[in-house]
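Me: I have a model open and would like to walk through its architecture with you. Could we take it one question at a time?

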Amino acid sequence: MDASVSAKTTANTFETDARAIVTVKYVRTAGANDVVAGVQPGFVVEPGSEQELAKVLKLAHAAGLAVIPRGGGTKLEWGNRPARADVILSTARLHRVLEHAWADLTVSAEAGCTIAKLQETLAKHGQRLALDALWPERATVGGVLSTNDSGALRLRFGSLRDLVIGVTLSLADGTVASSGGRVVKNVAGYDLPKLATGALGTLGVITRAFFRLHPLPQETRTISCATKDTKEAQRLVLAIQNSKLAHSALQMRSGAEIRPRVDVLFEGTEAGLTAQVEQLKWMMSAEPVAGYGRRVWSARQEICSADNKGAAEFAVAKFATLPALIAYTVDTIAILAAAQLRWSVVTQATGIGWVRLEGEAPVIESALREFRTALERSGGSLVITRCPAGFAALGAWGNAGDALPLMRAVKWQFDPGRTLNPGRFVGGI
């Protein structure tokens with residue numbers, strides 16, 4: 001049988017069987033808005049339960065079809081271009097907050113629940129998931145876990161791997177696996193929550209997750225300070241980190257058109273905030289500016305937003321460096337951009353930062369190559385999350401180091417047929 005005829009027959013059989021599971025209404029032909037990093041899928045399927053999702057995934061696996069899990073679709077560009085994309089498996093209908101055990105400071109939610117909806121539910125009991133995710137109105141629980149998306153609050157509350165205490169996954173063959181649960185401490189079985197977090201959906205499709213919670217602060221206050229250069233900004237960041245200040249977030253912003261600025265977030269009671277702010281003002285050499293509120297903490301989202309502000313092309317990348325090398329890293333960006341590129345960067349005190357480069361595509365590519373080389377030479381890393389077309393040779397991830405064989409072994413254990421997001425993760429996993 002001709003290969004194209006066989007492939008069409010397989011696709012038709014899958015479509016028929018998928019409709020029998022989720023009904024005709026929730027299986028459709030993928031359109032232009034469903035393209036994943038330049039690859040056009042064949043179908044979009046929206047299961048209405050964990051059981052339906054597992055059955056659809058089992059069908060796709062048996063048919064040899066590649067599956068792309070999708071939540072809110074806010075980060076579909078992250079990672080390498082998929083090797084194949086036959087079916088988009090959407091969690092849009094799995095959108096419930098399942099159980100908020102407010103007395104235990106835990107919550108469980110389905111993978112398609114948006115972060116905004118989850119936070120609104122938790123706020124009714126004065127609690128929150130201590131996470132400042134990108135685009136919370138659209139980003140989903142499964143999506144932020146799969147991409148390990150966390151912002152400036154990570155400094156105080158930890159990353160998602162510290163906040164997630166349990167997950168349920170549907171593996172490629174339709175097996176449903178769970179680990180962790182409703183208690184904050186759990187040491188039984190495979191540590192699926194940590195494996196799934198940041199795996200970009202290559203090990204299994206997250207269907208629900210359990211999180212530990214924190215109380216909402218009574219009051220918040222943001223203080224910003226403009227500095228003369230990046231070295232002064234880094235000295236201030238390190239001084240704040242070495243002090244006894246109880247800050248919740250700390251970042252440095254810089255760019256082609258703005259002087260370096262240091263932003264500090266305090267949370268607590270009014271009396272406590274006043275004392276903290278007075279101590280901070282004493283540490284600052286320049287006059288601090290208050291009144292920005294939460295606006296400065298959207299800097300990461302502004303860098304990642306799709307609006308290119310009139311530039312011919314733009315790229316966005318996430319980098320990691322040592323906290324002691326933040327100034328060196330930002331200065332490297334400025335030197336590489338020179339007068340040819342418009343650039344902006346925000347760096348958390350942990351050394352995790354985001355950079356945006358705008359200009360001509362060849363110049364952007366050259367700058368990113370050199371920047372990645374400089375970072376890796378000093379023990380850092382660069383992950384490109386958005387770039388102009390034609391950058392495939394550059395790769396999203398960079399050097400995987402000596403961890404790649406272990407990651408491939410884990411992928412083989414969970415998904416030997418490479419059904420889930422094939423090629424998107426580090427080293428083409």
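Me: Let's begin with helix H3 (residues 115-123): at about what angle to S5 does this helix run?

Reply: Happy to help, and do keep in mind that this is a predicted model. Helix H3 lies across two strands, S5 and S6. Relative to S5, helix H3 runs at about 35°.

Me: Which strands stand at the edges of the sheet?

Reply: The sheet is open, with 5 strands in the order S5-S6-S10-S8-S9 and antiparallel pairing. An edge strand here has a single partner strand, so one of its sides is left without a neighbour in the sheet. That describes S5 (97-101) and S9 (176-180).

Me: Which residue stands opposite Ala 109?

Reply: Strand S6 (residues 106-110) pairs with strand S10 (residues 205-212) in the antiparallel sense, over 5 bridges. The partner of Ala 109 sits in S10. That partner is Ala 209.

Me: Which residue in the turn of the S8 and S9 hairpin has a positive phi?

Reply: S8 and S9 run antiparallel and are joined by 5 bridges, with Val 167 opposite Ser 179 in S9. The hairpin they form has 5 residues between the strands. In its turn, a positive phi of about 90° belongs to Gly 174.

Me: Which helix lies across S8, S9 and S10?

Reply: We are looking for a helix that runs at about 140° to S10 while lying across S8 (164-170), S9 and S10. It spans residues 50-63. This is helix H2.

Me: On to the interior: which helix gives the most to the largest nonpolar core?

Reply: In soluble globular proteins, nonpolar side chains tend to be buried together. Here the largest nonpolar core has 39 residues, and Val 262, Leu 357 and Leu 368 have the most contacts inside it. The leading contributor, with 6 residues, spans residues 361-377 and is helix H12.

Me: How many residues does the second, separate core have?

Reply: This core includes Ala 133, Leu 163, Leu 171 and Leu 203. Its residue count is 31.

Me: Finally, why is H8 described as roughly antiparallel to H11?

Reply: The axes of helix H8 (residues 230-242) and helix H11 (residues 326-337) come within 8 Å and cross at roughly 150°. Thr 230, Lys 231 and Gln 234 in H8 meet Ile 326, Ala 327, Val 330 and Asp 331 in H11, and H8 passes H11 in a right-handed crossing. Angles over 145 degrees count as roughly antiparallel, so the label follows from the crossing angle of roughly 150°.

Notes: Residues are numbered from 1 along each chain as its sequence is written. This is a predicted model: local features need pLDDT of at least 70, side-chain atom pairs count only at pLDDT 80 or more; totals for chains, interfaces and linings use all residues. Side-chain values use heavy atoms; hydrogens and water are left out. Two strands pair if DSSP finds at least two bridges between them. Helices (H or I, at least four residues) and strands (E, at least two) are DSSP runs, numbered from the N terminus. Contact means heavy atoms within 4.5 Å. Axes are lines fitted to C-alpha atoms, for helices over the stretch in contact, and angles run from 0 to 180 degrees between N-to-C directions. A nonpolar core is a set of buried Ala, Val, Leu, Ile, Met, Phe, Trp, Tyr and Cys residues joined through side-chain atoms within 4.5 Å. Buried means under 20% relative accessible area, exposed over 50%, partly exposed in between (1.4 Å probe, protein chains only). Angles under 35 degrees count as roughly parallel, over 145 as roughly antiparallel, 65 to 115 as roughly perpendicular and the rest as oblique. A crossing is left-handed if the near helix is turned anticlockwise from the far one by less than a right angle, and right-handed if clockwise.
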